[in-house]
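Got your viewer open? Let's take a walk through this protein, one selection at a time.

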Amino acid sequence: MFRNNYDNDAITFSPQGRIFQIEYASEAVKQGSVTVGLCSKTHVVLVALKRNAEDLSSYQKKIISVDTHLGLSLAGLASDARVLSNFMKRQALASKMTYGRPIPIERIVDQIGDRAQTNTQNYSNRPYGVGLLVAGVDDTGPHLFEFQPSGMTQEMVACAIGARSQMARTYLERNLDSFHNCGSEELVTHGLKALKESLNQDKELTIENASVGVVGVSGGGEGGKRKLEGFKLYDGEEMAPLLERALAGEGLKVQGEGQGESMDTS
């Protein structure tokens, strides 16, 4: 299990220049259920596949609202995501109290990136075992950012993280040129189709195991002021019309049972 004792902490480099605990944290992200994010010129959409540990348990929450203009989806350890989302909520509230305005998306993403990177400089800390897709709207428009356990953050047009996410990324790459001019409904449709691409053949999307988060702006034509469409989470029965519209003609069962999986990662 040990690699010449270079993985005992998160601050020691191996002779090859690797920090193994960060790689282990990245593996936790790859074991989590897939989540997809897409961004257009007016909206950002997050789509996530939820897991339950067994038939008797509920599905874990995958999309979290941080503020009226900001939300995130996670892949990896849900407990670590909860710590980071609570930190983001405090920073968003502090911005409103101090400056009287919502916090810019890039700034709050940089803050959680700095917080994660600091964990690789202290012997007593470990990396966060979670990857995040952060979606929000500020004065510069809609934004989608990816956060990695190493502390690296980058803005994306579309992104997928988690188990079997490569199939979802392939779908996103094929349809990348069409995202820029999409409205919220079209982005949700693309997101659900990308999510479906990542499923095993014996699984299908249902109202129990899928959730969607949408935030964006409306109006603004001919120099007019744009209106914020606050972060909206679709879950449970609210998913039925979205699934029917997105996957019509593919034989989708809107009602269905989930298959038990581990609760260690989400």
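Start by selecting Glu-23: with a relative accessible area of 28%, Glu-23 counts as partly exposed, because that label covers the range between buried (under 20% relative accessible area) and exposed (over 50%), using a 1.4 Å probe and protein chains only. Now add Arg-18, which is also partly exposed, at 33%. These two form a salt bridge, with 2.8 Å between their closest N and O atoms. A salt bridge here is a side-chain nitrogen of Lys or Arg within 4 Å of a carboxyl oxygen of Asp or Glu. In general, side chains of opposite charge can pair when their charged atoms come close.

Before moving on, a quick note on what you're looking at. This is a predicted model, where local features need pLDDT of at least 70 and side-chain atom pairs count only at pLDDT 80 or more, while totals for chains, interfaces and linings use all residues. Residues are numbered from 1 along each chain as its sequence is written, and side-chain values use heavy atoms, with hydrogens and water left out.

**Zoom out**

Show the whole chain as a cartoon. You'll find 6 helices and 10 strands; these are DSSP runs numbered from the N terminus, with helices (H or I) of at least four residues and strands (E) of at least two. The chain has 266 residues, and 48% of them count as buried. Look at contacts (heavy atoms within 4.5 Å) between residues at least 6 apart in sequence: 66% of them join residues at least 24 apart.

**Next stop: Asp-80**

Select Asp-80, in helix H2 (residues 78–99). Is Asp-80 buried or exposed? Asp-80 is buried, with a relative accessibility of 6%. Now show Arg-126: its side chain meets that of Asp-80 in a salt bridge, 2.9 Å from N to O. This pair ties together distant parts of the chain, as Arg-126 sits in the loop between H3 and strand S5 (130–138), Asp-80 sits in helix H2, and 46 residues separate them. Unlike its buried partner, Arg-126 is partly exposed, at 43%. Leaving out residues up to four places away in sequence, Asp-80 touches Arg-126, Pro-127, Tyr-128, Gly-129 and Val-130.

**One more pair**

Jump to Glu-238 and Lys-232. Their salt bridge has its closest N and O atoms 3.2 Å apart. Glu-238 is partly exposed at 36%, and Lys-232 is partly exposed at 35%. How many salt bridges does a search of the whole structure find? It finds 6.

**Last stop: a negative patch**

Select Glu-106, Asp-110, Asp-114 and Glu-155, which form a negative surface patch. Patches like this use residues with over 30% relative accessible area and no salt bridge, and like charges are joined within 9 Å. Which helix gives the largest share of the patch? Helix H3 (residues 105–118) does, with 3 residues.

Two of the patch members to click on are Asp-110 and Glu-106. Asp-110 is found in helix H3 and is partly exposed, at 35%. Glu-106 lies in helix H3 too, and is partly exposed at 48%. Setting aside residues up to four places away in sequence, Glu-106 touches Asp-138 and Phe-145. Try drawing a line from Glu-106 to Asp-138: they are 32 residues apart in sequence, and their C-alpha atoms are 9.2 Å apart in space.

Notes:
Patches are made of residues with over 30% relative accessible area and no salt bridge: like charges are joined within 9 Å, nonpolar side chains (Val, Leu, Ile, Met, Phe, Trp, Tyr) within 5 Å. Accessible areas come from the Shrake-Rupley method with a 1.4 Å probe; for residues, only the protein chains shown count as cover. Lys and Arg count as positive and Asp and Glu as negative; His and the chain ends are not counted. The place of a charge is taken as NZ of Lys, CZ of Arg, CG of Asp or CD of Glu.
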